Amino acid sequence: MAKLQAIRGMNDILPGQSQGWQFLEGIFHSVVRRFGYQEIRFPVLEQSSLFQRSIGELTDIVEKEMYTFEDRNGDKLSLRPEGTAGCVRAAEQHGLLYNQQQRLWYQGPMFRHERPQKGRYRQFHQFGVEAFGMAGPDIDAEVIKLSAQLWRDLDLIHHLTLEINNIGTASDRKSYSAALTGYLKQHSRALDDDARHRMYSNPLRVLDSKNAQVQAILQEAPVLANFVSPQSREHYEQLKSLLADLDIAFVENRHLVRGLDYYNNCVFEWTTLELGAQGAVCGGGRYDGLVEQLGGKATFACGFAMGIERLVLMLESLEKIPHDALKSIDVYILGADPDDAAQSQKLASAIRQQYPRLGVISHCGGGKSKAQIKRAYNLGATAVITLLADSDPACASIRRLDQSGGAETLEINSLVEQLGRFL
RNA sequence: GUGACUGUAACUCAGUUGGUAGAGUCCCGGACUGUGACUCCGGUUGUCGUGGGUUCGAGCCCCAUCAGUCACCCCA
């Protein structure tokens, strides 16, 4: 039988890495809690049409990156490539959006069939936040502030830059697109194939071309900001002033566009220089048209999603995962004599009962005490306990694994009582 | 989807012009140390990613395939 291996671009997260994930998840949970957001969970699999209608038929995600297949009933299904569509579907289906405000968050795996690369995988994970029923710009600012709070708590704030832009309403973009296509047509001989193709299918995406020649031509191109309606512009100006009031630094990027069609007005992206080519760590914005587009009542909405793998990568390379998070246990009970097994397990139980936050391992299997102590040390234990055979009443010695202090022998009951002294 | 590079013990790697594999770490045992971390001695570990081909003979050459890395592209 051939060696079993994971599907390309789908990673196993092993002990040693999972601590970083848990640290990140813990902070995320704490932040959404402090902002009053509630968790929503929805399926990994949806009707393909949900994503086609929300993300957009002509986007790369839908055109060539979705995992799509027919199930046994012949229904066309897709693994979710992002969270917003499913979140809106679930919220709408259960009436959460009808004349209501909602602050929701989710977390989980997403799937995109791309060529794997650093910070880019076929199964990847996102945290996301979606706020419904609020016209903004105060809610826009809140959502951005929530993300900024995360960076602060993770100590990543100095490694991230907030970029914002106003992409106007769908109809603003429509008239702008027409103007842009008209301009690009005049210069089509100087464009690359990619841009020539896109100037018709999705002209806005030509804006973030990395081709220097294309960028040069864009210098003289019509500017989206000039096509944006006064209301959008007003909204955007208010958001900028709110961000300033909240001490959130940002840069305006006139070429920032989103790869998903449902966004409108204010969009933003947090980027880093730490991850090579995959600099975007978190992206989001408003999508006031999406709920209606999916068959609901027109509903204001905004949110963001962030890539967990990318954040974990940053935390690892910048060594931001606290030492405590890497410890897996606190106390290791050495097992010298097989006859002590029951007593060792009982002692472990007593400690776990009385100190619910401590991790305790009672040694199983043979091995020299020297090797056991080494194992305890490598697991991050603070103290080791040795049961003393033939003592009456039952006694054990305990000592810290760092160099402070020697072993101390105590009766077992008082050892449990006084354990705190040694940790 | 395109390109470049890579794939040898659990880990990091070496392997010279093709002649059926080595080092360090880890692990195990022992010495020393007032029970891990330093030092010394000894020991285990591999279908050399997979499948074909060339050859008397391939880890080293050729083809295919799978996977990884980085970049393009795209995005989180």
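Student: Which residue lies over the face of Y263?

Tutor: This is a predicted model, where local features need pLDDT of at least 70, side-chain atom pairs count only at pLDDT 80 or more, and totals for chains, interfaces and linings use all residues. Residues are numbered from 1 along each chain as its sequence is written, and side-chain values use heavy atoms, without hydrogens and water. A charge sits over a ring if NZ of Lys or CZ of Arg is within 6 Å of the ring centre and within 35 degrees of the ring normal. At 5.7 Å from the ring centre, the residue over Y263 is R258.

Student: Over which ring does the charged end of K297 sit?

Tutor: The distance to the ring centre is 4.9 Å. The ring belongs to Y98.

Student: Which residues form one aromatic cluster with Y263?

Tutor: Rings of Phe, Tyr and Trp (its six-membered ring) pair if their centres lie within 6.5 Å; planes under 30 degrees apart count as stacked, over 60 as edge-to-face and the rest as tilted. The cluster joins Y263 with F132, Y262 and Y287.

Student: How many aromatic pairs are there in the whole structure, and why is F42 with Y106 edge-to-face?

Tutor: The search finds 10 aromatic pairs. The centres of F42 and Y106 are 5.4 Å apart and their planes stand at 65°, so this pair is edge-to-face.

Student: Are F42 and Y106 buried or exposed?

Tutor: Buried means under 20% relative accessible area, exposed over 50%, partly exposed in between (1.4 Å probe, protein chains only). By that cut-off, both F42 and Y106 are buried.

Student: What is the angle between the planes of W151 and W270?

Tutor: W151 and W270 pair edge-to-face, 5.8 Å centre to centre. Their planes make an angle of 75°.

Methods:
Chains are lettered from A and ligands numbered from 1 in the order in which they are written.
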